[in-house]
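The following account leads the reader through selected features of the structure shown here.

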2 protein chains.
Amino acid sequence: MSALNPVLDSIDRDFDASLDRLFGLLRIKSISTDPAFKADCRKAAEWLVEDLKTIGFDASVRDTEGHPMVVGHHEGPSPDAPHVLFYGHYDVQPVDPLSLWVDDPFAPAVKEVDGVRVITGRGSSDDKGQLMTFVEACRSWKSVHGTLPCKVTLLFEGEEESGSPSLHPFLKANADELKADFAMVCDTGMWDRETPAITTALRGLVGEEITIHAADRDLHSGSFGGAAANPIRILARILADMHDDTGRVTIPGFYDGVEETPAQIKQSWDALGMTAEKFLGEVGLSVPSGEKGRSVLELIWARPTAEFNGISGGYEGDGFKTVIASKASAKISFRLVHKQDPEKIRAAFRAFVEERLPADCRVEFKKHGGGAALQLPYDSPVVTKAKNALSDEWPKPALMIAMGGSIPIVGDFKNMLGMESLLVGFGLEDDRIHSPNEKYDVASFHKGQRSWARILDAVSK
Amino acid sequence: MSALNPVLDSIDRDFDASLDRLFGLLRIKSISTDPAFKADCRKAAEWLVEDLKTIGFDASVRDTEGHPMVVGHHEGPSPDAPHVLFYGHYDVQPVDPLSLWVDDPFAPAVKEVDGVRVITGRGSSDDKGQLMTFVEACRSWKSVHGTLPCKVTLLFEGEEESGSPSLHPFLKANADELKADFAMVCDTGMWDRETPAITTALRGLVGEEITIHAADRDLHSGSFGGAAANPIRILARILADMHDDTGRVTIPGFYDGVEETPAQIKQSWDALGMTAEKFLGEVGLSVPSGEKGRSVLELIWARPTAEFNGISGGYEGDGFKTVIASKASAKISFRLVHKQDPEKIRAAFRAFVEERLPADCRVEFKKHGGGAALQLPYDSPVVTKAKNALSDEWPKPALMIAMGGSIPIVGDFKNMLGMESLLVGFGLEDDRIHSPNEKYDVASFHKGQRSWARILDAVSK
C-alpha cells in the first residue's frame, strides 16, 4: 500500500476540524493596506505560528519594517529528501463597501449557494483558504507518518495585498535559510470547477497614485468657474489620453518588450472555447475593453493593460456642492507582460502626466509597488509530476494556463534565490476575491488539501 | 434732520449686540444638502422667526416638502408706502473637509487676520451674515422710528445650497402674499473692500450627477484587467471629451442662446484693470482655464462653463487595491448665460453621455436643480437710488457688475411674481464661501447694515 492513501483518508476524516481551524484564521481582520489593522496582521502571523508548531514545524514570527513574516521549517524524512519552499500570504484585501456584503466578512461560515457549498468571508479564497490547503496536507502527512515526505520550509507574508515592501529586504537577509530546490505557491486558480491548472505565465504590475493640485483652496464654481483650473478636468484628460480608440495604451514606449504570443499557444487557448461573452457574462458584461482584434484570454493572459483602480476629488457626498476642488487623485495600475520594464514604464507614465499639466498646477506621485512579468517552464520534472498528481485528484486532467494578475514573489524567488516556482491553486473565477462576498468552495478546500498531499508524495520520489 | 441719521447712529451703538445675534444664528448647523442636519435647518428657521417677532414682524415658519421657509411681514408707515420683498437663505454649505478649518465652523468668533477684523464660521458670509445686515437695518429703523420706512416682506429659504426644490411650489402657492413692488436680494458681493456693487447679470445653473455602471460587482484588475469595462475609464473619457483644446464646451448646441457681450460693456470691464494674474493669483493660480482669447471677467461674468464638482469611484482609501470598480460617478454643473435653455442643455448633455457609453454599460442620471441666466435693468429708479445710497456709505462709488454664480430666485421673482430684483451684497472674493475657513469682514457686516438703512430710506421717498 502506498504512503499516500492513508494520508488522503486522514484528510477526509479530519476535514471538519480543518474547517474550524480555517475559520479561526479567517476571523482575524488582517487587512494589510489599512494602518488601522496593524495589530490584526500580527495576530494572524501569531495564529499561524501556533498552529504550525502543532504539526512539528520550527516556526516563528519574524519582524520586518512592515507586517511580520511567518517562517517554519520541517526537516522531512532524511537529509537527502527534496526541499520545497511553500509560499502564501495571510493578509487580505479591505472589505469596503461593507454594505454590499451579505454575510459578515470576518464571521466565516459554510453555506450552500446555488447548489454549491462554499466557505464565506474575506480571505476565504485569497489567500488564507489556499495556504491552509497546504498546511492541512502537511498535518495529515505528519499525523499518519510522523513526518513529511519532503523537507518543507514555509514562508507566509503579510503584505501581499499592499505591494510587499518588506519582501526584498527579508529575502535578501534570509536567503540561505529560505533557499530550497524549488518553490510552491498557492495563490492561483483552477480552469473551472472540474479542471485543475498549473499557471506558467504571470503579468507584472506597476502601481501609481497621482494627485493633481490646482488652487490653494476649494473654490466656488460660480465665482471661479471658467477661470480657475479644475483638477478633476485635468485628471480626466490625463486618464482619457491614456488609451486610443483601439484600446491600446498611448504612453510612449509602453509596448517595448511586449512579444507576440506564438500561434501554437494562442491556438491552445482558442481551443478552450472561452468567448468574451462567456468570460464577461459572469460579471454582467459582454464587450472586451482592451485592444481590439485579440481574444479575451490573450487580453488577460498575454497583453499589458492600464487600469484605473480608484478616483476621488471634490464633493462626493449626498446632494450637490458647487465647488471647484483644490485637488483630485487617481490610483492607476499597469499589468505587464514578457520583458516590459516596470521602472521604465513608471517613468514614462510620469512624463506623460507632467506633459499634460497646466503651468499653474502641480502633480504629486506616489509609488505603489511593482514587478516584472514572468514566464515559467512548461516541462520541468516538478511541473510534470504535479500535473499528473492533480489529474489523479480531479475529474478532468490538469491544464497549463497563464494568469492575468501578478505574483511578484515568483520573480523574486527566481532572481534572488535562484528557484523556479510551481504555481498551483484552487480558486475559481467566481470567488469574488478583492470584492464583497468573497467565498471559497468547500470542494476547493477539501480537494486542495488532497491535491497537495498528492503533489508532496509525487515530488518526494 | 433726516430720518436716516439717527438710524445709522443706532446701528453703530447696537453693533456689538448685532454681532451676538449673528453668532446665535451661525452656531446652528443648517447644512441643507445633508439629511443628517434636517433638524438644524428647522432650528435656524425657528431662530429667525423668534428674532423677527422682536422687531414687530408678523413672522412664521412655513413647512414645505423639504426644509421650511421663513416669511415675515411688516406693515410700514402707511398703506401707500412702497412694498419690498427681501430674500435671503439661512442654509449653509457642508463643511468637509473639516480638517482644513482653522477654527470650528460652528463656533463663530471675531478675529484679526492680516490686519482685517473678520467674523469666522460657516455661513458668516453666505448667507447668514448677509441676510442679517438687512434684519439689523430693520431693527434700528424700528427702534428709532417705531416702524419701517417701507412695507417689508421677508422670505428666507432653507434650500438655496441644495437646488431649492421647494421654492417653485411655495412661490406659486403664496404668490399673492409674497408679491411686492420689487425684490431685494442680499447674496452677492462687493467689487473690492472699498467699492460696493450692484449685480445686474447672473449666470444660470444646471446641475447633473452621473453614475456609470459596468460589471455587476467589483473585479480583480489582475483577473479582469484588459477585458472588463472600467467605469472610471469611461467616465474620464466622457469628462475629457466635454472641452476642446481652446477651452470651449463641445456638447452640441451648448452655445445656442449665448450672445457676444457688447464692446462697450467689455470696455468698462477692461477698465477695472482686473488681470488673470491678479484674479487667479489670490488662489495660487495664474492661467485662465476657460475659452482662450477672452478676459477673465468676461469668462466668469458672461461666458457659460462646464465644471466638474466631484468625482468618485473604486478604491479611495489609503494604500492600493487592484480593483476594477462596478461603478463610478461625477457631479457636473453648467453655468449658463443670456438665453441658454437649462433643460435643452441638460438633454444635450445626457445624449452626449449616452453616445459615449459601451453597449454593455449603463448610466444613471440625477438632476440637481437648474435655472436660466438673468439680465437685470441697469437704469431703473430703484437701481439708481440704491447706487447713490451705496456710494454715500462706502469710500468709493458703487459699480454695476455681473456675477459668475447663479441666484435662481431672481428669475423666479421675475417669472412667477412679476418683480424685478435689486442685488446688493457685501461679500468679498476672499470670503471663502463654500470652502473651509469661510469668513465675513466685520466691516461688511457693519457697513452692510448701514447700507440697507440708506437704501430703505432712499426707496421710500
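**A helix, its cover and the two copies**

In this predicted model, the buried residues of α12(B) are covered by elements of chain B that include β9 (204–213), α8 (231–241), β13 (327–336) and β14 (362–371). Which residues of α12(B) are buried? They are B:Pro342, B:Ile345, B:Phe349 and B:Val353. Viewed down the axis of α12(B), these buried residues fall within an arc of 75°, and they therefore line one face of the helix. The other side of α12(B) carries exposed residues, namely B:Glu343, B:Ala347, B:Ala351, B:Glu354 and B:Glu355.

The length of helix α12 of chain B can also be checked. Because each residue should contribute 1.5 Å, the 14 residues of this helix (residues 342–355) are expected to span 20 Å. The C-alpha atoms at its ends are 20 Å apart, in agreement with that expectation.

Attention now turns to chain A. In helix α14 of this chain (residues 408–417), the buried residues are A:Pro408, A:Ile409, A:Val410, A:Asp412 and A:Phe413. After α14(A) comes A:Gly418, which has a positive phi, near 65°.

Finally, the relation between the chains may be considered. In general, two copies of a chain are related by a rotation about an axis and a shift along it. Here, chain A is superposed on chain B by a rotation of 180° with 0.0 Å of shift along its axis, at an RMSD of 0.1 Å. The two copies are therefore related as by a two-fold rotation axis. Both copies use the same surface, as 99% of the contact residues of chain A recur in chain B.

Technical notes: Residues are numbered from 1 along each chain as its sequence is written. Chains are lettered from A and ligands numbered from 1 in the order in which they are written. This is a predicted model: local features need pLDDT of at least 70, side-chain atom pairs count only at pLDDT 80 or more; totals for chains, interfaces and linings use all residues. Helices (H or I, at least four residues) and strands (E, at least two) are DSSP runs, numbered from the N terminus. The expected span of a helix is 1.5 Å times one less than its number of residues. A residue is buried if 20 or more other C-beta atoms lie within 10 Å of its own, exposed if 12 or fewer, and partly exposed in between; C-beta atoms are placed from the backbone. The arc is that of the directions from the helix axis to the C-beta atoms. Two residues are in contact if their C-beta atoms, placed from the backbone, lie within 7 Å. Copies are superposed by least squares on the C-alpha atoms of residues with pLDDT of at least 70 in both.
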